[in-house]
Amino acid sequence: MSLSITDALLACGGPMTENGGVWEWRLRPGPDFPGFAGHFPGNPVLPAAVQLVMARLLWQKAAGSDAQPGFARVKCTRPIGPGEELLVRLSPGRKGRLDCAILVLPPAADSGREDAAASEQAAVMTLLAPEA
């Protein structure tokens, strides 16, 4: 039996944490992550649809809800490959919206640090709370 994308993401990620209203989630989808299958053979790239699921999961944890947020804006700015460590960050935005960024963290051995300061932005999104 294969895992759903949601279950596979949760399996390759650490805990979702909150600090000062900003939520973060580190994860590392490996070469066997099902989201890479067929996208693209020989040069796997994490599909934007999977990145939307990552943002939704973090939003649901932050909101304490299983509701589906809306997306007002989505821009993928860098391909994400297998084994890259990601940081999904959700922070308060303007007009009650939430800003989400997916960052690719540098390898610890190359940078000497594991913080987001030396990261590359892979996607930015604006999330909308579902209508009550």
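I'm calling two residues in contact when they have heavy atoms within 4.5 Å of each other. With that settled, I asked what share of the protein's contacts between residues at least 6 apart in sequence join residues at least 24 apart, and I got 59%. I should jot down that this is a predicted model.

**Entry 1: the overall picture**

I looked up the helices and strands next, and the protein has 3 helices and 6 strands. Going along the sequence, I read their order as α-β-β-α-β-β-β-α-β.

Then I checked the size. The C-alpha trace spans about 45 × 40 × 25 Å along its principal axes. Is the radius of gyration what a compact globule of 132 residues would have? I found 15 Å for the protein, which agrees with the value near 14 Å for such a globule.

I also looked at the surface. About 7300 Å² of the protein is accessible, and carbon and sulfur atoms hold 53% of that. As for burial, 36% of the 132 residues count as buried.

Last for this entry, the charges: I have 12 positive and 13 negative ones, and their mean positions lie 8 Å apart.

**Entry 2: S1, S2 and S4**

I started with strand S1, residues 13-19, and strand S2, residues 22-27; they run antiparallel and are joined by 5 bridges. Which residue of S2 does Gly-13 stand opposite? I traced Gly-13 across to Leu-27. A second pair I noted is Met-16, which faces Trp-25 in S2.

S1 and S2 make a hairpin, with 2 residues between the strands. Gly-20 sits in that turn and has a positive phi of about 65°.

Next I went along S2 and watched where the side chains point. They alternate: Trp-23, Trp-25 and Leu-27 point to one face and are buried. Val-22, Glu-24 and Arg-26 point to the other face and are not buried.

S2 has another partner too. It runs antiparallel to strand S4, residues 86-92, and 5 bridges join the two. In this pairing I found Arg-26 opposite Leu-87 of S4.

**Entry 3: a stop at Val-22**

I picked Val-22, which is in strand S2, for a closer look. Why is Val-22 called partly exposed? I see that its relative accessibility is 23%, and partly exposed covers the range between under 20% for buried and over 50% for exposed.

Leaving out residues up to four places away in sequence, I found Val-22 touching Thr-17, Arg-89, Leu-90 and Ser-91. I also looked up Val-22 and Cys-100: they are 78 residues apart in sequence, yet their C-alpha atoms are 9.8 Å apart in space.

**Entry 4: S3, S5 and S6**

Moving on, I looked at strand S6, residues 120-128. It runs antiparallel to strand S3, residues 70-76, and 6 bridges join them. One of the partners I wrote down is Val-124 in S6, which pairs with Lys-75.

How many bridges pair S5 with S6? I get 7, again in the antiparallel sense. Here Asp-99 stands opposite Thr-126 in S6.

**Entry 5: a stop at Thr-126**

Thr-126 is in strand S6, and I wanted to know if this residue was buried or exposed. Thr-126 counts as buried because its relative accessibility is 8%, and the cut-off for buried is under 20%.

Setting aside neighbours within four places in sequence, I listed what Thr-126 is in contact with: Gly-70, Phe-71, Ala-72, Arg-73, Arg-97, Leu-98 and Asp-99. Take Gly-70 from that list: it is 56 residues from Thr-126 in sequence, but the C-alpha to C-alpha distance is 8.5 Å.

**Entry 6: two oddities in loops**

A reminder to myself first: most residues other than glycine have a negative phi, and most peptide bonds are trans.

Which peptide bond did I find to be cis? It is the one from His-39 to Phe-40, with omega near 5°. I located Phe-40 in the loop between S2 and helix H2, which covers 48-63.

My other find is Lys-95, a residue other than glycine with a positive phi, near 55°. Lys-95 lies in the loop between S4 and strand S5, which covers 98-104. I checked its accessibility as well: Lys-95 counts as exposed because the relative value is 81%, and exposed means over 50%.

Key. Residues numbered from 1 in each chain as written. Predicted model: local features only at pLDDT ≥ 70, side-chain atom pairs only at ≥ 80, totals over all residues. Heavy atoms only, no water. Helix = DSSP H or I, 4+ residues; strand = E, 2+ residues; numbered from the N terminus. Rg over C-alpha atoms; globule rule 2.2 N^0.38 Å. Buried < 20%, exposed > 50% of the residue type's maximum accessible area, 1.4 Å probe, protein only. Areas by Shrake-Rupley, 256 points an atom, 1.4 Å probe, with all protein chains shown as cover. Lys, Arg positive; Asp, Glu negative; His and termini not counted. Charge placed at Lys NZ, Arg CZ, Asp CG, Glu CD. Pairing = 2+ DSSP bridges.
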